[in-house]
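Notebook open, coffee poured. I want to go through this fold piece by piece and jot down what I look up.

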Amino acid sequence: MKLIILGSGGSVSIPRPFCNCENCSKARKKGIPWARTGPSIFMEEESILFDTPEEIRMQIEREKIKKIKHVFYTHWHPDHTQGLRIFEHIYFSHPDKPKKELVNVYIPENAFSDFEKFCSSIFFPEKKGYIKINKIQDRVPIKIGTTSITPLDFKRKDRVRYGYLIEQNGIRTVYAPCSVFDISLDEYYQNLDLVLMEIGWFGNTKERRAKLPKGHAWHDHISFEENLEIIKKIRPQRTILVHIDGTRHLNSDANHDFLLKQAKKYKGFNIDIAYDGMKIEL
Ligand SMILES: [Zn+2]
Ligand SMILES: [Zn+2]
Ligand SMILES: [Zn+2]
């Protein structure tokens with residue numbers, strides 16, 4: 001299984017426009033791995049893309065990707081969808097006679113009404129005939145060549161978020177880039193070779209949450225300690241932390257060297273920090 005992390009950033013990318021803080025300045029000067037674009041991964045074998053962040057066109061250019069046949073969406077949030085004009089680019093420039101071979105777009109059924117409400121522009125390329133939208137059911141695998149992709153509803157009480165189990169020749173990877181706080185972990189998360197999971201915020205979880213004002217995002221967003229708890233529960237062979245959020249640009253959370261140091265502290269856990277263009281072969 002060959003995967004590329006196209007974008008390792010979170011809800012906002014780094015550097016943030018107009019910001020000259022230490023982390024943003026460093027990202028601007030040094031580029032990758034400090035600079036990060038929106039969350040997306042690509043599976044080479046079957047030309048499968050997961051999510052279309054706003055920088056997707058440049059990510060495809062950067063990695064010299066030649067073909068996209070399938071796009072799976074995790075949820076409607078703008079950081080995961082707002083590059084959807086890519087379908088127009090694909091339609092008009094795809095080398096594989098695209099009129100015969102539309103891009104298959106997959107939206108999980110429980111997330112479908114959110115797309116209708118908040119991301120209705122996804123239905124424009126469908127109307128134009130650039131894509132075919134497929135509504136897919138939770139925990140029902142989609143077979144594509146030698147690969148099987150299973151949507152995983154995180155089954156949160158307060159919102160609908162999905163990840164995907166990607167299986168090929170006995171290799172099992174879960175991509176869970178966003179909102180894994182309070183995720184229900186079932187047998188689909190067992191015996192994994194790799195987990196790509198949203199990175200949490202740093203610090204003592206209980207102490208920091210107790211001091212946060214009401215309504216602060218960290219009340220229902222995962223901490224790094226909670227990342228470790230998930231890893232302890234499911235024991236994957238390897239974990240790569242993704243969705244490294246630019247909203248934390250002023251904290252050490254946006255410092256790539258700091259993140260690597262934190263990850264390497266837990267040797268038995270085999271944790272790594274994603275960066276744009278990271279290639280993974282399993
Ligand atoms: Zn900044
Ligand atoms: Zn999100
Ligand atoms: Zn996100």
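My entries follow, going from the overall picture to the strands, the cores and the backbone oddities.

**Entry 1: overall picture**

First note to self: this is a predicted model. I looked up the secondary structure count and got nine helices and 14 strands. Next I checked the extent: the C-alpha atoms fill a box of roughly 55 × 45 × 35 Å along the principal axes. Then I tried the radius of gyration, which is 18 Å; a compact globule of 282 residues would come out near 19 Å, so the two agree.

I also pulled the burial fraction, and 41% of the 282 residues are buried. For contacts with a separation of 6 or more, 65% are between residues 24 or more positions apart.

**Entry 2: the seven-stranded sheet**

What is the strand order in the open sheet of seven strands? I read it off as β6-β5-β4-β3-β2-β1-β14, with mixed pairing. The edges are β6 and β14 (279-281); each has a single partner strand, so one side of each has no neighbour in the sheet. On average, neighbouring strands here are turned by 20° against each other, direction ignored.

I went through some of the pairs one at a time. β1 and β2 run antiparallel and are joined by four bridges. In that pair, Ile5 has Ile41 of β2 as its bridge partner. Moving along, β4 (residues 70-72) pairs with β5 in the parallel sense over three bridges, and Val71 sits opposite Val105 in β5. β5 in turn pairs with β6 (residues 131-136), again in the parallel sense, this time over six bridges. There I noted Ile107, whose bridge partner in β6 is Lys135.

Is β5 enclosed or open to the outside? I looked at burial for residues 103-108: five of the six are buried, so β5 is largely enclosed by the rest of the structure.

**Entry 3: around β12**

I gave β12 (residues 238-242) the burial check too. Four of its five residues are buried, so this strand is also largely enclosed by the rest of the structure.

Who are its partners? β11 is joined to β12 by five bridges, running parallel, and Glu198 stands opposite Val242 in β12. β13 (residues 271-273) is also parallel to β12, with three bridges between them. In that pairing Leu241 stands opposite Ile273.

**Entry 4: nonpolar cores**

Which residues have the most contacts inside the largest nonpolar core? That core has 62 residues, and the answer is Leu196, Leu241 and Val242. I followed Val242 further and skipped anything up to four places away in sequence. Val242 touches Ile5, Ser8, Pro39, Pro177, Leu196, Met197, Glu198, Ile199 and Ala274. I like that Glu198 turns up here, given that it is also the residue opposite Val242 in the strand pairing. Ile5 is on the contact list as well, and I had already met Ile5 as the bridge partner of Ile41.

Apart from the largest core there is another one, of six residues, with Cys24, Ala27, Ala35 and Ala254 among them.

**Entry 5: cis peptides**

I went looking for cis peptide bonds and wrote down two. One joins Ile14 and Pro15, with omega about 0°; Pro15 is in the loop between β1 (2-7) and α1 (22-30). Another joins Ile32 and Pro33, with omega about 10°. Pro33 belongs to the loop between α1 and β2 (40-43).

**Entry 6: positive phi away from glycine**

Two serines caught my eye on the phi scan. Ser47 has a positive phi of about 55° despite not being a glycine, and it lies in the loop between β2 and β3 (48-50). Ser179 shows a positive phi of about 60°, again without being a glycine. Its place is the loop between β10 (171-176) and β11 (194-198).

Buried or exposed? For Ser47 I counted 18 other C-beta atoms within 10 Å; buried needs 20 or more and exposed 12 or fewer, so Ser47 is partly exposed. Ser179 has 23 such atoms within 10 Å, so it is buried.

Methods:
Residues are numbered from 1 along each chain as its sequence is written. Chains are lettered from A and ligands numbered from 1 in the order in which they are written. This is a predicted model: local features need pLDDT of at least 70, side-chain atom pairs count only at pLDDT 80 or more; totals for chains, interfaces and linings use all residues. Two strands pair if DSSP finds at least two bridges between them. Axes are lines fitted to C-alpha atoms, for helices over the stretch in contact, and angles run from 0 to 180 degrees between N-to-C directions. The radius of gyration is taken over C-alpha atoms; the globule rule is 2.2 Å times the number of residues to the power 0.38. Two residues are in contact if their C-beta atoms, placed from the backbone, lie within 7 Å. A nonpolar core is a set of buried Ala, Val, Leu, Ile, Met, Phe, Trp, Tyr and Cys residues joined through C-beta atoms within 7 Å.
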